[in-house]
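Here is a short set of exercises to work through with the structure open beside you. Try each task before you read its solution.

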Amino acid sequence: MARYTSVARLLHWIIAILILVNLWLGFAHDSLPKEWKVMPVHKSIGLTVLALTLVRLSWRLAHKPPALPAAMPGWEKLAANLNPYHLLRLHADRAAVRLDHVVGGRAALELVLPVRRAEIRRGQGRCDRRHIARGA
């Protein structure tokens, strides 16, 4: 049975672990001691995940993945082949939302997160947990 290359598997697991660590840091940062300065680490990990995702996509484009099982339905094969591109889009969207949060711009946020335009006009364009929790 064909397998992904060792580089592809290594990138997969490094990205997965970094995402899990980043999720934990993001959810737990309020309860952690302030002297730990968690948020710069959280931001650095996020940018690292984005960079590694670009490397992973480049690797995928340059190295053919193993063949999918012949018995797999066509729609599953299509989904499996499109997945790396959707993953890249997801990471790019998250980076735009976080950049909006850090910089305070509104254009990136309007593109990727459905925030009410009235809130943006009132100067509440920054992404925070209230926007996400409301489902804007």
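Helices here are DSSP runs of H or I with at least four residues, strands are runs of E with at least two, and both are numbered from the N terminus. Keep in mind that this is a predicted model.

**Exercise 1. The overall fold**

Task: Work out how many helices and strands the chain has, and write down the order of its elements from the N terminus on.

Solution: Start by counting: the chain contains six helices and zero strands. Reading from the N terminus, the order is α-α-α-α-α-α. Next, look at burial, where 23% of the 136 residues are buried. Turn then to the surface: the chain exposes about 9800 Å², and 67% of that area is supplied by carbon and sulfur atoms. Finish with the contacts between residues at least 6 apart in sequence, of which 50% join residues at least 24 apart.

**Exercise 2. Helix 1 and helix 2**

Task: Compare the reach of helix 1 with its expected span, do likewise for helix 2, and list the buried residues of each.

Solution: Take helix 1 to begin with. This helix covers residues 6-28, and its 23 residues reach 33 Å from first C-alpha to last, close to the expected 33 Å. Its buried residues are Ala8, Leu11, Ile15, Leu18, Asn22, Leu25, Gly26 and Ala28.

Now move to helix 2, which spans residues 38-62. It has 25 residues and reaches 36 Å, close to the 36 Å expected at 1.5 Å a residue. Val38, His42, Ile45, Val49, Leu52, Thr53, Leu57 and Arg60 are buried here.

One C-alpha pair links the two helices. Ala16 belongs to helix 1, and Val49 is among the buried residues of helix 2. Their C-alpha atoms are separated by 8.8 Å, although the residues are 33 apart along the chain. Ala16 counts as partly exposed because its relative accessibility is 24%, and the partly exposed class lies between 20% and 50%.

**Exercise 3. The loop residue Lys37**

Task: Find where Lys37 sits and say what is notable about its phi angle.

Solution: Locate Lys37 in the loop between helix 1 and helix 2. Then check the backbone: phi is positive, about 50°, although Lys37 is not a glycine. Lastly, Lys37 counts as exposed because its relative accessibility is 57%, and the cut-off is over 50%.

**Exercise 4. A buried arginine**

Task: Which side chain of opposite charge is nearest to Arg60, and how far away is it?

Solution: Place Arg60 in helix 2. Arg60 is buried yet has no salt bridge. The nearest oppositely charged side chain is Glu76, 14 Å away. To see what surrounds Arg60, set aside neighbours within four places in sequence; the contacts are then Tyr4, Pro65, Ala80, Asn81 and Pro84.

**Exercise 5. Helix 3 and a nonpolar patch**

Task: Which residues make the nonpolar surface patch, and which helix gives the largest share of it?

Solution: The patch is made by Leu61, Leu78, Leu82 and Tyr85, and its area is about 400 Å². Helix 3, residues 74-103, gives the largest share with three residues. Look at one member more closely: Leu78 lies in helix 3 and is exposed, with a relative accessible area of 53%.

Stay in helix 3 for a last step, at Ala92. With 35% relative accessibility, Ala92 counts as partly exposed. Its C-alpha atom is separated by 9.7 Å from that of Leu54, and the two residues are 38 apart along the chain.

Key. Residues numbered from 1 in each chain as written. Predicted model: local features only at pLDDT ≥ 70, side-chain atom pairs only at ≥ 80, totals over all residues. Heavy atoms only, no water. Buried < 20%, exposed > 50% of the residue type's maximum accessible area, 1.4 Å probe, protein only. Lys, Arg positive; Asp, Glu negative; His and termini not counted. Salt bridge = Lys/Arg side-chain N within 4 Å of Asp/Glu carboxyl O. Contact = heavy atoms within 4.5 Å. Patch = residues over 30% accessible without salt bridge, like charges linked within 9 Å, V, L, I, M, F, W, Y side chains within 5 Å. Areas by Shrake-Rupley, 256 points an atom, 1.4 Å probe, with all protein chains shown as cover. Expected span 1.5 Å × (residues − 1).
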